Amino acid sequence: METVTWLTPEAHARLQQELNKLLDTRGTQQEVSERETTESRIRQLLATLKNVRLHEPANDGVVEPGMIVEACIDGHPETFLMGSREIFANEDLQVFSERSPLGVAIHGLRAGDVSSYRAPTGRHITVSIISAKPYPGTGQLPTIKPETTHVAN
């Protein structure tokens, strides 16, 4: 069974553009290490784009791929993108796959919902959802109201 990658149309277009650029430069004279890096990235992009579902999540507060999620994880407020690292070009934002233990535990939840998952270490971690908003694209995070980040312990 092949893995489906959920991407926003913007991320899909960006990856297609990157792939086309790499394919165009494929025949140019490059150092061996640079050529190996290019070929590796081409293979990665082809694998990612092979089974893509384009998805723009609704602004309904439900945690799903493509959403910026604010959550209290093990007592600590966190903000992250749920989905593929390929969605977000800015490496400053933490990304969790919907297939990760955290992603599985919170997929489909809304603000106020609480769940838990078992970390790779075996420890149970509690997660409470504060908010879920669609990723706006263009490398910008949505504005978060300060009062939404307060979490009662």
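This passage describes the salt bridges and the strand pairing of a predicted model.

We can begin with the charged side chains. Side chains of opposite charge can pair when their charged atoms come close. The structure holds four such salt bridges, and three of them are taken up here, beginning with the pair formed by Arg26 and Glu39. The side chains of these two residues meet with an N to O distance of 2.9 Å. Arg26 sits in the loop that runs between α1 (9-25) and α2 (32-50), whereas Glu39 belongs to helix α2 itself, so the contact ties together parts that are 13 residues apart in sequence. Both partners have some access to the surroundings: the relative accessible area of Arg26 is 38%, which makes this residue partly exposed, and Glu39, at 22%, is partly exposed as well. With the limit for buried residues set at under 20%, the value of 22% explains why Glu39 is not counted as buried.

A second salt bridge brings Arg123 together with Asp74, at 2.7 Å from N to O. Here the pair links distant parts of the chain, 49 residues apart. Arg123 lies in the loop between β6 (114-118) and β7 (124-134), while Asp74 is found in the loop between β3 (67-73) and β4 (76-82). Arg123 is partly exposed, with a relative accessible area of 44%, and Asp74 is also partly exposed, at 32%.

What does Arg99 pair with in a salt bridge? The partner is Glu98, and the closest N and O atoms of the two residues are 3.4 Å apart. In this pair the two accessibilities fall into separate classes: Arg99 is partly exposed at 48%, whereas Glu98 is buried, with a relative accessible area of 12%.

Attention now turns to the strands. Strands of a sheet pair through backbone hydrogen bonds, either parallel or antiparallel. In this model, five strands make up an open sheet in the order β5-β4-β3-β7-β6, and the pairing is mixed. Which strands form the edges of the sheet? They are β5 (95-96) and β6, each of which pairs on one side only. For β6, the neighbour in the sheet order is β7; these two strands run antiparallel and are joined by five bridges. One residue pair illustrates the register: Ser115 has Val127 in β7 as its bridge partner. The loop between β6 and β7 is also the place of Arg123, whose side chain meets that of Asp74 in the salt bridge described above.

Terms used: Residues numbered from 1 in each chain as written. Predicted model: local features only at pLDDT ≥ 70, side-chain atom pairs only at ≥ 80, totals over all residues. Heavy atoms only, no water. Helix = DSSP H or I, 4+ residues; strand = E, 2+ residues; numbered from the N terminus. Buried < 20%, exposed > 50% of the residue type's maximum accessible area, 1.4 Å probe, protein only. Pairing = 2+ DSSP bridges.
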